[in-house]
Amino acid sequence: MSLRLRALELHVPDVIARSALRRLFEATAAAFGSEPEDVDGLDRRVLLERYASFTTRCAEQALADRMDLDVVSRRMWAHAYALGASLRRRLGVRTRADALRAARIAYRMIDIDLRADENGDVTVDRCGFAERYSPGVCRLMSALDAGLIAGLTDGGWLAFSERITEGRPRCLARISWQEASP
């Protein structure tokens with residue numbers, strides 16, 4: 001395991017968390033074809049709240065306008081894949097276990113308690129977005145999750161089977177360790 005990855009498991013400095021959130025914000029805005037909001041100077045909590053509001057608004061609008069949701073999902077997947085691949089390189093991820101550790105760190109920065117094992121079983125016991133997202137918004141936004149995981153794992157494919165937003169006590173998903181594509 002790389003030293004960077006180990007250090008971030010112990011503590012994510014606020015400056016790193018804010019930088020990651022800004023990159024996620026920009027990627028999501030690009031996927032929706034929206035201008036990114038000005039988020040410079042915001043602390044992590046406010047930035048996360050702004051991101052939740054922004055994504056809820058964009059996803060609800062896409063669903064209401066009956067946009068081509070496959071196109072939106074593919075764009076979100078591609079942007080998130082690039083973020084995940086960048087994280088994989090910068091954190092020195094070399095193994096499946098490293099990728100899952102990196103995923104836990106990344107999700108912790110956005111107030112999601114994600115645990116995954118090397119068999120690909122994923123559990124989310126707490127999600128900071130669950131109270132804001134409708135089931136439809138959650139399903140649409142999960143393209144970001146799939147892309148990020150594919151980028152971090154160099155090809156793992158994430159699929160949810162249960163979601164908190166659908167009244168379940170936790171989200172359950174599975175990572176298939178095969179070549180991923182949008």
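**A walk from the sheet to the pocket**

Let's start with two strands: β2 and β4 pair in the antiparallel sense, with four bridges between them. One spot to look for is threonine 123, whose bridge partner in β4 is leucine 172. Keep in mind as you look around that this is a predicted model.

Strands of a sheet are held in pairs by backbone hydrogen bonds, in either a parallel or an antiparallel arrangement. Here, the pair you have just met belongs to an open sheet of four strands, arranged in the order β1-β2-β4-β3 with antiparallel pairing. The edges are taken by β1 (112-116) and β3 (157-162); each has a single partner strand, so one side of each is left without a neighbour in the sheet. On average, neighbouring strands of this sheet are turned by 25 degrees against each other, direction ignored.

Now move over to β1. This strand runs antiparallel to β2 (residues 121-127), and five bridges join the two. You can follow the pairing along the strand: isoleucine 112 has cysteine 127 as its bridge partner in β2, aspartate 113 has arginine 126, and arginine 115 has threonine 123. Threonine 123 should look familiar, being the bridge partner of leucine 172 in β4 as well. The hairpin of β1 and β2 has four residues between the strands, and glycine 120 there takes a positive phi near 95 degrees.

Next come the helices. Helix α6 (residues 135-153) lies across β3 and β4 (171-176), and its direction makes an angle of about 140 degrees with β3.

Helix α6 also leads us to the largest pocket, since the most residues in the lining, six, come from this helix. The space in this pocket is about 520 Å³. Its lining counts 33 residues, and those nearest the centre are Leu24, Tyr107, Ile110, Ile112 and Asp145. Ile112 is the residue we met in β1 with cysteine 127 as its bridge partner. At least two lining residues come from each of α2 (14-32), α4 (69-90), α5 (96-109), β1, β2, α6 and β3. What is the make-up of the lining by class? There are 27 nonpolar residues, alongside three polar and three charged ones.

Finally, have a look at the aromatic rings, which form six pairs in the structure. In one of them, tyrosine 51 and phenylalanine 129 have ring centres 6.0 Å apart and planes at 80 degrees; planes over 60 degrees apart count as edge-to-face, so this pair is edge-to-face. The two residues come from distant parts of the chain, 78 residues apart: tyrosine 51 sits in helix α3 (residues 44-64), and phenylalanine 129 in the loop between β2 and α6.

Terms used: Residues numbered from 1 in each chain as written. Predicted model: local features only at pLDDT ≥ 70, side-chain atom pairs only at ≥ 80, totals over all residues. Heavy atoms only, no water. Pairing = 2+ DSSP bridges. Axes fitted to C-alpha atoms, helices over the stretch in contact; angles between N-to-C directions. Contact = heavy atoms within 4.5 Å. 1 Å grid on protein atoms, 1.4 Å probe; cavity = no way out; pocket = protein on both sides within 12 Å on 5 of 7 lines; lining within 4 Å. Points joined across faces, edges and corners; volume = space filled by probe spheres on them. Nonpolar A, V, L, I, M, F, W, Y, C, P; charged D, E, K, R; others polar. Phe/Tyr/Trp six-rings, centres within 6.5 Å; stacked < 30°, edge-to-face > 60°.
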